[in-house]
Amino acid sequence: MMHARHGTHWVILSFLFALVLTVLPLPTFLNQARPAFVVLTLIYWVLALPHRYGIFAAFAVGLALDVITGKMLGLHALLLSVLAYVCVKQYSRVRMFTRPMQAAFVLLLVGLSLLLQLWIENAVQPVSIRASYWLPALSSGLLWFLWFPLLRGLRRRLQIS
């Protein structure tokens, strides 16, 4: 017997909101440090509901991110799949972390994502970067202190399970 999955549409809406925040125009100085909203949302849902959201969901969201940002098709799908794999493997451990440790985990995952993205883009075409390239990892780690309670409150209020 198949059980209805409760709250899937809210999870999809949270990813759509993250995608909108990803392409929302910002001033140049803020744009360089734009947090990885989609990655933060993915990390939260994989850690909160690893039996429902994992590599396949990450791949689908990554394809949507590729289309919206106009990046190489499959780039974010691959990156988010790798991050989801790490989260699925470590979710029980990360759940026990304190919030600052989780933020450090997020910082490392976003940094890993940026490193892999740089490596892949450099394989296709040489890319030069500045130190500001890594700012999204830092801002994402800091935003985790707000993003986590926001999504957890949404999950609990709407009884997403």
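1. Let's start with Pro-50, which sits in the loop between H3 and H4. Keep in mind that we are looking at a predicted model. Despite the loop setting, Pro-50 counts as buried, because its relative accessibility is 19% and the cut-off for buried is under 20%. Setting aside neighbours within four places in sequence, Pro-50 is in contact with Trp-45, Tyr-91 and Arg-95. If you want a distance to check on screen, take Lys-89: Pro-50 and Lys-89 are 39 residues apart in sequence, and their C-alpha atoms are 9.3 Å apart in space.

2. Next door is Leu-49, also in the loop between H3 and helix H4 (55–69). Is Leu-49 buried or exposed? With a relative accessible area of 5%, Leu-49 is buried. Once neighbours within four places in sequence are left out, the contacts of Leu-49 are Arg-95, Arg-155, Ile-160 and Ser-161. Arg-95 is thus a name to look for twice, as a contact of Leu-49 and as a contact of Pro-50. Going the other way along the chain, Leu-49 and Ala-64 are 15 residues apart, and 21 Å separates their C-alpha atoms.

3. Now the packing of H1 against H3. Helix H1 (residues 8–23) meets helix H3 (residues 37–48) at an angle of about 160°, and the axes are 8 Å apart. That angle makes H1 roughly antiparallel to H3, since anything over 145 degrees counts as roughly antiparallel. On the H1 side the contact is made by Val-11, Ser-14, Phe-15, Ala-18, Leu-19, Leu-21 and Thr-22. H3 brings Phe-37, Val-38, Thr-41, Leu-42 and Trp-45. By type, the residues of this contact are nine nonpolar, three polar and no charged.

4. Which residues does Leu-151 touch, not counting those up to four places away in sequence? They are Ser-14, Thr-41, Tyr-44 and Trp-45. Leu-151 itself belongs to helix H7, while Ser-14, Thr-41 and Trp-45 are among the residues that make the contact of H1 with H3. So I'd look at this spot right after the H1 and H3 pair, with Leu-151 counting as buried at 4% relative accessibility. Trp-45 also turns up as a contact of Pro-50. For a sense of span, Leu-151 and Trp-134 are 17 residues apart in sequence and 25 Å apart in space, C-alpha to C-alpha.

5. Two exposed residues deserve a quick look. One is Pro-126, in the loop between helix H6 (99–124) and helix H7 (135–157). Pro-126 has a relative accessible area of 70% and is exposed. Pro-126 and Ala-77 are 49 residues apart along the chain, with 21 Å between their C-alpha atoms.

6. The other is Gln-159, in the segment after H7. What is worth checking about phi of Gln-159? Phi is near 55°, a positive value in a residue other than glycine. Gln-159 is exposed, with a relative accessible area of 56%.

7. Stepping back to the whole fold: the protein has seven helices and zero strands. Along the sequence the pattern reads α-α-α-α-α-α-α. Among contacts between residues at least 6 apart in sequence, 70% join residues at least 24 apart.

8. Last, the overall dimensions. What radius of gyration would a compact globule of 161 residues have? The value would be near 15 Å, and the protein has 15 Å, which agrees. Taken along the principal axes, the C-alpha atoms fill a box of roughly 50 × 30 × 30 Å. Of the 161 residues, 43% count as buried, Leu-49 and Leu-151 being two of the buried residues discussed above. The accessible surface comes to about 9,400 Å², and 70% of that area belongs to carbon and sulfur atoms.

Notes: Residues are numbered from 1 along each chain as its sequence is written. This is a predicted model: local features need pLDDT of at least 70, side-chain atom pairs count only at pLDDT 80 or more; totals for chains, interfaces and linings use all residues. Side-chain values use heavy atoms; hydrogens and water are left out. Axes are lines fitted to C-alpha atoms, for helices over the stretch in contact, and angles run from 0 to 180 degrees between N-to-C directions. Helices (H or I, at least four residues) and strands (E, at least two) are DSSP runs, numbered from the N terminus. Angles under 35 degrees count as roughly parallel, over 145 as roughly antiparallel, 65 to 115 as roughly perpendicular and the rest as oblique. Contact means heavy atoms within 4.5 Å. Ala, Val, Leu, Ile, Met, Phe, Trp, Tyr, Cys and Pro count as nonpolar, Asp, Glu, Lys and Arg as charged, and the others, Gly among them, as polar. The radius of gyration is taken over C-alpha atoms; the globule rule is 2.2 Å times the number of residues to the power 0.38. Buried means under 20% relative accessible area, exposed over 50%, partly exposed in between (1.4 Å probe, protein chains only). Accessible areas come from the Shrake-Rupley method with a 1.4 Å probe; for residues, only the protein chains shown count as cover.
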